[in-house]
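Please open the model in your viewer and keep the selection tool at hand. The tour begins at the ligand and then moves on to other parts of the chain.

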Amino acid sequence: MPKVTVPEGRPGLAPGAHLVEPAPFPTAADLPDPRGPLGTPTRLRFEHLPPGDALGIATATPRLSFDVPSAPAGWQLASVTVEVTCGPIGGEASTTTHTLPNAATLHLPWPDEPLALREAATVRVRVSGTSDEGEVTSPWSDPISVETGILAAEDWQALPVGPSWPENPDADRRPSRVRHAFDLPGDITAARLRVSAHGLIRPWLNGERVDDDELVPGWTVYGERLLHRSYDVTDLLAAGANVLAAELADGWYRGHIGFDGGYRNLYGADQAAILQLEVVHGDGSLTVVATDDAWQVGGGPILFTGLYEGETYDARLADDDPTAWARPGEPCGTWLPVAVHPSDAARLEAPLDAPVQTQGELTPVAIWLSPAPERFLPPGIEADDPDVWLVDFGQNIAGRLRFVLPDGTPAGTTIRIRHAEVLENGRLGVRPLRGAAATDTYTTRGDAGEEWEPAFTIHGFRYAEITGWPGEPEPDALRAVVLHTTMERLGGFASSEPLVDRLHENSRWSMTGNFVALPTDCPQRDERLGWTGDVAAFAPTAAFHYDATGLLASWLVDLWLEQQAHGTVTWYVPVIPGGFWTPPRPAAVWGDAATITPWTLYETTGDRRLLEDQWESARQWVDLVDSLAGEGHVWDSGMQLGDWLDPSAPPENPMQAMTDPYLVATAYFAQSARIVARWAAALGKEAEASRYGELADAIAAAFRDAYLQPDGRLSSDSQTAYALAIVCDVLGEDDRVRAGEHLARKVAESEGRVATGFAGTPVVCAALTATGQDAAASALLLETGCPSWLYAVTMGATTTWERWDSMLPDGSINPGEMTSFNHYALGAVAAWLQRDVAGLAPAAPGYAEILVAPHPVGLTHAEAVHVTPYGPAASSWSVSDGVLTLDVVVPVGATARVVLGGEETVVAHGRHTFTAPSPA
Ligand code: BGC
């Protein structure tokens with residue numbers, strides 16, 4: 001079989017970036033056989049939080065899930081025993097054992113009394129059942145613990161407090177720090193700190209940072225919901241004098257956000273900390289220390305910080321001991337009484353997701369002097385300023401740069417760092433950043449070993465440009481810090497084609513760069529918004545790479561809030577004013593995020609609760625489109641973004657696609673109606689199931705009347721049109737087969753070049769393999785000419801680009817406005833690599849049944865590993881001497897339907913091998 005070669009003159013694969021991160025993801029061969037003695041339950045987790053302890057969660061009755069890692073043949077789960085040891089924090093706990101008959105291992109209802117505030121529960125489980133070897137009971141799992149956050153408004157005492165000095169709301173404002181000194185008696189048995197803010201916050205207690213969370217409290221529809229996080233701070237408190245403090249920044253709340261110049265003060269003009277420390281004493285009494293008018297506020301060494309702009313820090317303004325401001329004792333500088341704002345108790349909520357944290361660090365792969373003489377100098381740098389260095393970290397990320405300066409760096413030295421995703425003509429390619437300056441500036445104190453990382457900004461970058469560095473920067477002095485929401489990694493893919501593997505990795509990296517508290521379009525330019533269409537395109541892929549259920553469930557709460565406020569699913573969530581985009585108007589793909597996202601989460605997690613929570617949102621979206629389409633059932637009115645950014649769209653008009661936008665809209669309408677019909681059935685809503693089923697049938701018939709010609713062509717003779725008609729299920733069987741043939745013809749006509757945008761890209765390959773057109777799918781996948789998926793890879797991409805030719809073949813940056821190098825939508829092909837190429841797809845909600853149906857598409861090997869809700873599963877196949885050998889790993893609790901060589905076999909948990917003649 002042909003191996004893909006990188007054409008002459010292309011850079012080829014990116015140099016191996018060195019990522020310091022946790023253990024590598026397992027391959028199929030690494031997975032243990034799930035068939036064996038009954039194993040100890042593992043991966044215990046609450047709700048949709050990462051496995052392990054959960055503090056400050058959003059429910060008093062947390063549901064529990066876990067894996068049974070191995071079980072003998074014939075295993076049938078009979079019961080789950082849950083041991084709950086529960087009591088007030090710092091107090092006596094009692095243990096209750098609950099045996100749940102007919103239990104499952106997923107989303108087990110909380111078996112005990114609802115948790116009260118400051119009550120901690122430790123939970124462990126064991127399972128019993130029957131097998132071919134008789135009755136068996138597992139050992140007890142390791143315990144995990146859980147506590148709620150504040151769930152009732154009356155439990156809040158903290159008031160928002162912040163700067164009391166006069167501020168110009170229309171100009172850059174100086175970030176603040178707040179502090180409060182207090183005494184505690186010596187009998188502290190436990191303490192919890194609740195943290196939220198107007199803006200961004202980093203809490204400190206007695207000179208220590210409380211946690212390693214970043215960008216707290218994330219971005220939600222602040223007017224309705226403002227999240228708080230909870231921390232166990234028992235060990236940070238002392239008898240006697242204590243200081244609780246926090247650094248604050250503008251963030252999304254009042255910072256500068258949005259394109260075309262953007263906006264400030266979107267949620268308010270104040271910056272404020274919301275901190276509530278709850279200390280439990282030996283006699284059971286409680287001391288609450290909360291932000292109020294007794295607090296003080298001052299400035300710190302951060303002179304300015306903005307999410308787009310970057311951070312400016314003057315270390316000369318720090319105390320000799322830089323943490324002294326947050327310790328007991330007299331702090332340096334001026335401290336004023338705080339301004340106190342009205343309580344937020346009614347809108348403070350506990351989070352559904354884990355926080356943003358540092359996930360790893362990249363070391364530089366190259367450092368060199370920016371080429372003279374036409375050196376590009378950032379604003380404010382004169383031509384005779386010190387050398388300008390370029391650093392390549394080998395991987396495009398969202399995060400920031402951390403550095404350690406050489407000893408002897410004189411006080412008052414200013415180091416300036418600009419960030420960009422690409423180089424152009426050997427210089428930093430900053431044009432794609434549009435209005436985002438992405439520049440961090442640090443001025444030294446002159447101490448030994450000065451080290452700095454910005455606190456409240458984040459950049460999308462692979463390259464950094466450093467000016468002002470004393471001498472030549474050593475690689476060990478620089479790190480790129482990778483930030484994103486902490487999510488359990490779930491998926492891995494490998495194949496016989498390294499470029500395809502890199503394509504898959506790029507898709508994963510673009511997810512990490514954009515799942516930072518909410519799902520954004522891009523991490524670098526002056527947008528970084530929760531564009532709904534991007535999520536609709538990417539949700540199935542996201543659900544494979546990582547467990548993003550908590551993050552997406554939280555974002556869907558906001559989607560529904562905005563939908564109610566604006567009468568339609570909005571372009572982006574949270575909504576900000578946006579010229580052309582205000583007021584929000586209904587449009588296909590973007591609006592379909594309301595159906596596709598929750599449905600995908602249900603398919604991949606099996607959690608019906610998500611369907612219950614989002615039912616109204618999804619139903620109202622379909623009803624709205626139904627009213628717009630009217631009795632004709634064709635949605636042919638209003639503004640549509642259609643197949644946004646297909647390769648024919650000129651740089652200046654991303655909407656100008658080759659596929660009729662109303663055909664796209666009607667196909668998505670049919671798909672959403674079908675999803676809602678299935679959704680209703682899953683919830684036992686029989687009347688709605690048949691109503692939306694009939695609606696979907698009527699839309700399909702209307703689609704055929706409007707767009708299908710007698711020869712099986714569609715009125716838009718395009719890859720996207722055929723792909724959508726197939727995948728959105730609007731054709732009868734014969735027309736579907738013919739649509740597959742037409743789609744294959746289109747691929748042949750384009751000589752394997754892809755011709756789809758945001759609407760068609762997620763489904764075009766799946767439409768080909770679903771209609772028996774594997775050869776055309778192979779041609780599309782393995783093409784390296786522009787436009788194609790592998791084109792970007794052979795140009796050295798390390799993330800998914802926004803447009804097929806974000807970088808043109810001559811290495812210049814596409815002149816269009818929409819030219820990010822880190823947009824996940826076109827990376828949605830990864831779901832097809834997993835589900836159809838490696839052949840590992842959910843066939844029943846939560847992968848209770850796995851469909852293993854591989855399509856070799858020109859490769860000699862492919863494998864996918866996915867940590868399903870039941871545990872790791874794999875499909876791994878190789879072709880040799882005309883024989884395809886398939887290895888399948890099925891976790892305990894699931895079954896697999898294996899479709900190979902025209903045969904279908906159902907297998908239970910375990911490792912299974914199949915062979916068949918390899919497809920031609
Ligand atoms: C964003 C996209 C988004 C689009 C919609 C862009 O500016 O970056 O990803 O979906 O606008 O128009």
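Select W590 and the ligand: a polar side-chain atom of W590 lies 3.0 Å from an oxygen atom of the ligand, which falls within the 3.5 Å allowed between N or O atoms in a polar contact. The model is a predicted one, in which local features need pLDDT of at least 70 and side-chain atom pairs count only at pLDDT 80 or more, while totals for chains, interfaces and linings use all residues. Residues are numbered from 1 along each chain as its sequence is written, and side-chain values use heavy atoms, with hydrogens and water left out.

Add D521, whose polar side-chain atom lies 2.7 Å from a ligand oxygen atom, and then H823, where the corresponding distance is 2.8 Å. The protein covers 99% of the 310 Å² of accessible area (Shrake-Rupley method, 1.4 Å probe) that the ligand has on its own.

Next, select C522, which is buried because its relative accessible area is 0%, and compare C332, which is partly exposed because its value is 49%; buried means under 20%, exposed over 50% and partly exposed in between, with a 1.4 Å probe and protein chains only.

Finally, show the strands (DSSP runs of E, at least two residues, numbered from the N terminus). Four of them form an open sheet of mixed pairing in the order β40-β41-β45-β46, where strands pair if DSSP finds at least two bridges between them. The edge strands, each pairing on one side only, are β40 (841-842) and β46 (903-907). Zoom in on β40 and β41 (residues 849-852), which run antiparallel and are joined by two bridges; the bridge partner of P842 in β41 is I850.

Key: Polar contact = N/O pair within 3.5 Å; in protein donor to acceptor, adjacent residues only side chain to side chain. Helix = DSSP H or I, 4+ residues; strand = E, 2+ residues; numbered from the N terminus.
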